[in-house]
Amino acid sequence: MIEITCNDRLGKKVRVKCNEDDTIGDLKKLISAQTGTRYDKIVLKKWYTIFKDHVTLEDYEIHDGMNLELYYQ
């Protein structure tokens, strides 16, 4: 299990526990369960990289304790 922090820069910071073999889509569903936002409206970024839903966290080299940027469509 790894813990990822997502910050939307509007005062909402979400900590999510997941596995490295989960996809970005799975991570979005876990975030939406905590925030109440629909998962298809969530966009996850790191610098200028927009993460695709079908790719795993391990493939993007997302590890324990990483911070991701949380945006809304």
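Helices are DSSP runs of at least four residues, numbered from the N terminus. The model used in these exercises is predicted.

**Exercise 1. Place Lys28**

Task: Find which helix holds Lys28, and decide whether Lys28 is buried or exposed.

Solution:
- Step 1. Look up the helix. Lys28 belongs to helix H1, which covers residues 24–35.
- Step 2. Take the relative accessible area of Lys28, which is 7%.
- Step 3. Compare with the cut-off. Buried means under 20%. Lys28 is therefore buried.
- Step 4. List the contacts, leaving out residues up to four places away in sequence. Lys28 touches Tyr39, Ile42, Val43, Leu44 and Asp53.

**Exercise 2. Follow the charge on Lys28**

Task: Work out which residue forms a salt bridge with Lys28, and what parts of the chain the pair ties together.

Solution:
- Step 1. Recall the cut-off. The side-chain nitrogen must be within 4 Å of a carboxyl oxygen.
- Step 2. Check the pair. Asp53 and Lys28 are 2.7 Å apart, N to O, and form a salt bridge.
- Step 3. Locate both ends. Asp53 lies in the loop between S4 and S5, and Lys28 in helix H1, so the pair ties together parts that are 25 residues apart in sequence.
- Step 4. Test for a polar contact as well. Here the limit is 3.5 Å. The side chains of Lys28 and Asp53 also make a polar contact, at 2.7 Å.
- Step 5. Add the surroundings. Asp53 is partly exposed at 37% relative accessibility, while Lys28 is buried.

**Exercise 3. Complete the salt bridges**

Task: State how many salt bridges the structure holds, then describe the one of Lys17 and the one of Arg38.

Solution:
- Step 1. Give the total. The structure has 3 salt bridges.
- Step 2. Take Lys17. Its partner is Glu3, and the closest N and O atoms are 3.7 Å apart. Lys17 sits in strand S2 and Glu3 in strand S1, so this bridge ties together parts 14 residues apart in sequence.
- Step 3. Grade the two residues. Lys17 is exposed, at 55%. Glu3 is partly exposed, at 25%.
- Step 4. Take Arg38. Its partner is Asp40, with the closest N and O atoms 3.0 Å apart. Arg38 is exposed at 54%, and Asp40 is partly exposed at 40%.

**Exercise 4. Charges over rings**

Task: Identify the rings under the charged ends of Lys29 and Lys45.

Solution:
- Step 1. Note the distance limit. The charge must be within 6 Å of the ring centre.
- Step 2. Lys29 has its charged end over the ring of Tyr39, 5.1 Å from the centre.
- Step 3. For Lys45 the ring is that of Tyr71, and the distance to the centre is 4.8 Å.

**Exercise 5. Positive phi**

Task: Describe the phi angles of Arg9 and Glu61, and say where each residue lies.

Solution:
- Step 1. Start from the background. Most residues other than glycine have a negative phi.
- Step 2. Arg9 is not a glycine, yet its phi is positive, about 65 degrees. Arg9 lies in the loop between strand S1 (2–7) and strand S2 (13–18).
- Step 3. Glu61 is not a glycine either, and its phi is about 60 degrees, also positive. Glu61 lies in the loop between strand S4 (49–50) and strand S5 (67–72).
- Step 4. Check exposure. The cut-off for exposed is over 50%. Arg9 reaches 59%, so Arg9 is exposed. Glu61 reaches 56%, so Glu61 is exposed.

Terms used
Residues are numbered from 1 along each chain as its sequence is written. This is a predicted model: local features need pLDDT of at least 70, side-chain atom pairs count only at pLDDT 80 or more; totals for chains, interfaces and linings use all residues. Side-chain values use heavy atoms; hydrogens and water are left out. A charge sits over a ring if NZ of Lys or CZ of Arg is within 6 Å of the ring centre and within 35 degrees of the ring normal. Helices (H or I, at least four residues) and strands (E, at least two) are DSSP runs, numbered from the N terminus. Buried means under 20% relative accessible area, exposed over 50%, partly exposed in between (1.4 Å probe, protein chains only). A polar contact is a pair of N or O atoms within 3.5 Å; within protein, one must be able to donate a hydrogen and the other to accept it, and residues adjacent in sequence count only if both atoms are side-chain atoms. Contact means heavy atoms within 4.5 Å.
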